[in-house]
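Q: Got a minute to go through this one with me? I'd like to start with the strands and then wander a bit.

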Amino acid sequence: MGFDLELRFLYPENIGEDRTAWRPHGQPLSFGGVTRLEKIVHKRFAHLSWSAHQRAGICVVSTLLGKLFETLDNAPSETVAPHILVYEYQDELDAELARTQGDVIDPDFSIGLEGTFARVGPKHNALRALEDEAAKEHLKTFHPALKPPLLWEQCGTLARWLQEAESAETDEWRQLRTEPVSLAVARVWHAWLHELGKVGARALFVFDP
């Protein structure tokens, strides 16, 4: 089974009362179509061929999702992204903020990102409100790669996971090293995440955007 994956980068803006609005800016990091790592490493898939960029995407995504889902199992409330503000016009923003508590994701409709957020926002918000145990039960049935809720993580943490994979010489990293272009692309992605981590940005995982 294959899927498309994008990381949408969210930047923190203080909105008072110890609350943060996470707002998207700039281009997402798109891995394109990816699939399971075994499609590269297992002999029974030897008939398949992959471009250098596809290999980079498969290996990097395998590394990140392996760690992300492990974190999700341990702490759903920290791994599931916060409430998404869903509103039609910009002047409704204040009223929407008044109805919510804690951190929020503000899609900033003015830059044209309303499609994904408006589509998944209500369902995501309902699931976000579940307690940890109820969230775990939901996630046993509905995998986040297929349905909301949306997951997120600190960009600095994602960069660290990639660095750890290189240090540990994981299967993913060994596969990257077989192709110079794949390795170069993975290093660019790592540098991107590392630099965004310095300014506190987070990455929202959007499957099949």
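Q: Which residues of β2 sit on one side and which on the other, and are they buried or exposed?
A: This is a predicted model, to be clear up front. T20, W22 and P24 are on one side of β2, A21 and R23 are on the other, and all of them are buried. That fits the tally for strand β2 (residues 20-24), where five of five residues are buried.

Q: What does β2 pair with?
A: β1 pairs with β2 in the antiparallel sense, over five bridges. β2 also pairs with strand β5 (residues 104-105), this time in the parallel sense, over two bridges.

Q: Which residues are partners there?
A: In the pairing with β1, P12 has W22 of β2 as its bridge partner. On the β5 side, A21 stands opposite V104.

Q: How many residues sit between the strands in the β1 and β2 hairpin?
A: The hairpin has five residues between its strands, and G16 there takes a positive phi near 90 degrees.

Q: OK, that's a glycine. Which residue other than glycine has a positive phi in the loop between β1 and β2?
A: D18 does: its phi is about 55 degrees, and it is found in the loop between β1 and β2. Most residues other than glycine have a negative phi.

Q: And is D18 buried or exposed?
A: D18 counts as exposed because its relative accessible area is 77%, and the cut-off is over 50%.

Q: Where is E169, and what's its phi?
A: E169 is found in the loop between α7 and α8 (171-176). Its phi is near 50 degrees, again a positive value in a residue other than glycine. With a relative accessible area of 29%, E169 is partly exposed.

Q: Since you mention α7, at what angle does it pack with α2?
A: At about 115 degrees: helix α2 (residues 52-74) and helix α7 (residues 155-168) have their axes 10 Å apart. The crossing of α2 past α7 is right-handed.

Q: Which residues meet there?
A: From α2 you have V60, T63, L64, K67, L68 and T71, and they meet L158, W161, L162, E164 and A165 of α7. Sorted by type, the residues of that contact are seven nonpolar, two polar and two charged.

Q: Back to strands. How many residues of β7 are buried?
A: Six of six, so by the under 20% cut-off strand β7 (residues 202-207) is mostly covered. R202, L204 and V206 point one way, while A203, F205 and F207 point the other way.

Q: Which strands does β7 pair with?
A: Strand β1 (residues 3-14) is joined to β7 by six bridges, and the two run antiparallel. Strand β6 (residues 151-154) pairs with β7 over four bridges, in the antiparallel sense too. For landmarks, F9 has A203 of β7 as its bridge partner, and Q154 stands opposite R202.

Q: Zooming out, how many helices and strands does the chain have?
A: Nine helices and seven strands. The C-alpha trace spans about 55 × 35 × 30 Å along its principal axes.

Q: What about the radius of gyration?
A: The chain has 18 Å, which agrees with the value near 17 Å for a compact globule of 209 residues.

Q: Last one: what share of the residues count as buried?
A: 47% of the 209. Also, among contacts with a separation of 6 or more, residues 24 or more positions apart account for 70%.

Definitions and conventions: Residues are numbered from 1 along each chain as its sequence is written. This is a predicted model: local features need pLDDT of at least 70, side-chain atom pairs count only at pLDDT 80 or more; totals for chains, interfaces and linings use all residues. Side-chain values use heavy atoms; hydrogens and water are left out. Axes are lines fitted to C-alpha atoms, for helices over the stretch in contact, and angles run from 0 to 180 degrees between N-to-C directions. A crossing is left-handed if the near helix is turned anticlockwise from the far one by less than a right angle, and right-handed if clockwise. Contact means heavy atoms within 4.5 Å. Ala, Val, Leu, Ile, Met, Phe, Trp, Tyr, Cys and Pro count as nonpolar, Asp, Glu, Lys and Arg as charged, and the others, Gly among them, as polar. Buried means under 20% relative accessible area, exposed over 50%, partly exposed in between (1.4 Å probe, protein chains only). Two strands pair if DSSP finds at least two bridges between them. The radius of gyration is taken over C-alpha atoms; the globule rule is 2.2 Å times the number of residues to the power 0.38.
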